[in-house]
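Visitor: I've got a model open and I'm curious about its charged side chains. Can you walk me through them?

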Amino acid sequence: MNVRGRLTAAVLAVAMAGTACAAGPSDPGAGRDAHGARTATPGTARPTGESGEFLVFYTQGGRDAAARAVAASGGVVTGDEPRLGYLVAELSAPEKLGTTPAIAGVTPDRRIGEAASVPTPPPASPPASPTPAPSAATPGPAALADPLSGRQWDMKMIGATATGSYAHPSARGRRVLVGVIDTGIDGKHPDIAPNFNRELSRNFVTDRPKDANGKTFDGPCEAKDCKDPVDVDDDGHGTHVASTIGSPLNGIGVAGVAPEVSLVNIRAGTDSGYFFLKPTLDALTYAADIGVAVVNMSFYVDPWTFNCPNNPKDTPAERLEQRGIIEGMRRAVAYAHAHGVTLITAIGNSGTDLGHPAKDTASPDYPLGAEHERKVDNTCINVPAELEHVISVSAVGPTERKASYSDYGVEQTDIAAPGGDLFAKDGRLTGVGREILAAAPARALRQKGLVDARGVPQDPSVVRECPHGGTCAYYQYLEGTSMASPHAAGVAAIIVGRFGTPGKNGLTMDPAEVERILYETAVPRPCPEPRAYKYAQNDVQTCEGGRDHNGFFGHGIVSAARAATFTR
Ligand SMILES: [Ca+2]
Ligand SMILES: [Ca+2]
Ligand SMILES: [Ca+2]
């Protein structure tokens, strides 16, 4: 799974073995998508298993040649996405397209079968929680700390506090659309609702109960057509990310970096935490088309941690698939960037120097259990973290030490932000308080057994808050570069809020300028001494670069306080 956050202690012990995985969700889009690329003919139900549908990326001017090659291989073109230069096609022998010069990559569209074969789940409508009225009035200084703010060491570190950035009403992200490309957002959570933009939110994913081999994947569908509403997050990852970016200053729960932003759920992740190519492309083009100013991407595109264009250890079809992922995401990111979207991503949780990757043990992660160890080198890339125009964020813990799980490397690390670190410097496992606290959906917590049927938390990572007379809501400690990235996205939103100009649905600003100010306002942090930093017996990571830019912290740790007062 490619969500870049992880659960706390128990999971972490396993994760320390080397892989980056978190608690993950989700699945790619089904049926129609709002922007043109017709996917499959509605009604052509596939029972279970993989779709025979593929995204065929063609080179510039190569559309017709690609279509002819599809036909010659016995395939049928069923759709077209000219913005990103690909055909959707039914193929039975994708590897046959590998020799066509006009074809840049061929990646399966891992859609699912129709809902017919899906067991009907309980109606499970989430408990209605009162939706606070939009925060029309700006809270006075006295109201500027929410009840759980004392636990938010991360916000203190970056100066998102009552005496820091919150003290500047123009630096709270008002009129800035932030797109959360993730597993969804619990739009009814009382500490999300006031800033949740339901109108613009979209879900490009259909739940997939089982994987291609019949193993449980997303599990039973919660919605009757297996398509979750836009205010649902059955994993919790996306809600956590959204809360860190923009939970309101409303007298309950936590507060986000930019507490007046407009949070748009642009869902590309499955309930189970997977982000396949097609919904991710759809999410990026959608964000660009509606005028989103900042997008957070706390994931990598499944099923490959490292995408190798030409690894002799991979089959011809696998090579074509990985080329399609690289090329498709490269085009989608360029499209979004050209439309004014500042793109921010988690760098990854493998503790790997992305300039010197040597092996990948986690791929392919779909179908379940298909991963195997293979050698990789620096021609293989982690997507989207290693793409041009994408700001990659590494994670630090409460001592500002880079967390051992965080990927790094002077080649790809742009900036650092708090993501949590359960391990003290002496290697001791410590309490969840060293992780990031943010909003969590009640239903997801119940399904994971973290909250019991009576609503009582069953794990120290979960905090329940029951405001005077109001409905109880939940918050959860998580850690990962998934949790670091939204801090940077929040600061980017502060910058757009201060310097942006009116655009399509909110303020807009040249992403290159946002990026420049984000780096200029970061607090530089030098490499540790010695540079070969020893986290544990066999875990030595080397920080390259100077004070103003290095492989552990990039340009430094993001600062909401400095962004709030920066003058250009
Ligand atoms: Ca679901
Ligand atoms: Ca709050
Ligand atoms: Ca690299």
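**Charged pairs and a metal site**

Guide: Sure. In this predicted model, Arg374 and Asp360 pair up through their side chains in a salt bridge, 3.3 Å from N to O. The pair links distant parts of the chain, with Arg374 in strand E11 and Asp360 in strand E10, 14 residues apart.

Visitor: Is Arg374 buried or exposed?

Guide: Buried means under 20% relative accessible area. Arg374 comes in at 3% relative accessibility, so Arg374 counts as buried.

Visitor: And how many residues apart in sequence are the parts that Asp231 and Lys188 tie together?

Guide: These two form a salt bridge, with their closest N and O atoms 2.8 Å apart. Asp231 sits in the loop between strand E6 and helix H4, while Lys188 is in the loop between strand E5 and E6, so the pair ties together parts separated by 43 residues.

Visitor: Which residue meets Asp234 in a salt bridge?

Guide: Asp234 is in the loop between E6 and H4, and its partner is in helix H7, 209 residues apart. Both partners are buried. At 2.6 Å, N to O, the side chain that meets Asp234 belongs to Arg443.

Visitor: Which ion does Asp234 help coordinate?

Guide: The other donor residues are Asp207, Glu222, Asp228 and Asp271, at 2.1 to 2.8 Å. Asp207, Asp228 and Asp271 are also linked with Arg267 in a network of salt bridges. Along the sequence the donors follow the spacing D-x14-E-x5-D-x5-D-x36-D. What they coordinate is the calcium ion (ligand 1).

How values were computed
Residues are numbered from 1 along each chain as its sequence is written. Chains are lettered from A and ligands numbered from 1 in the order in which they are written. This is a predicted model: local features need pLDDT of at least 70, side-chain atom pairs count only at pLDDT 80 or more; totals for chains, interfaces and linings use all residues. Side-chain values use heavy atoms; hydrogens and water are left out. Donors are N, O and S atoms within 2.8 Å of the metal (3.2 Å for Na, K and Ca); water is not among the atoms, so sites may look incomplete. A salt bridge is a side-chain nitrogen of Lys or Arg within 4 Å of a carboxyl oxygen of Asp or Glu. Helices (H or I, at least four residues) and strands (E, at least two) are DSSP runs, numbered from the N terminus. Buried means under 20% relative accessible area, exposed over 50%, partly exposed in between (1.4 Å probe, protein chains only).
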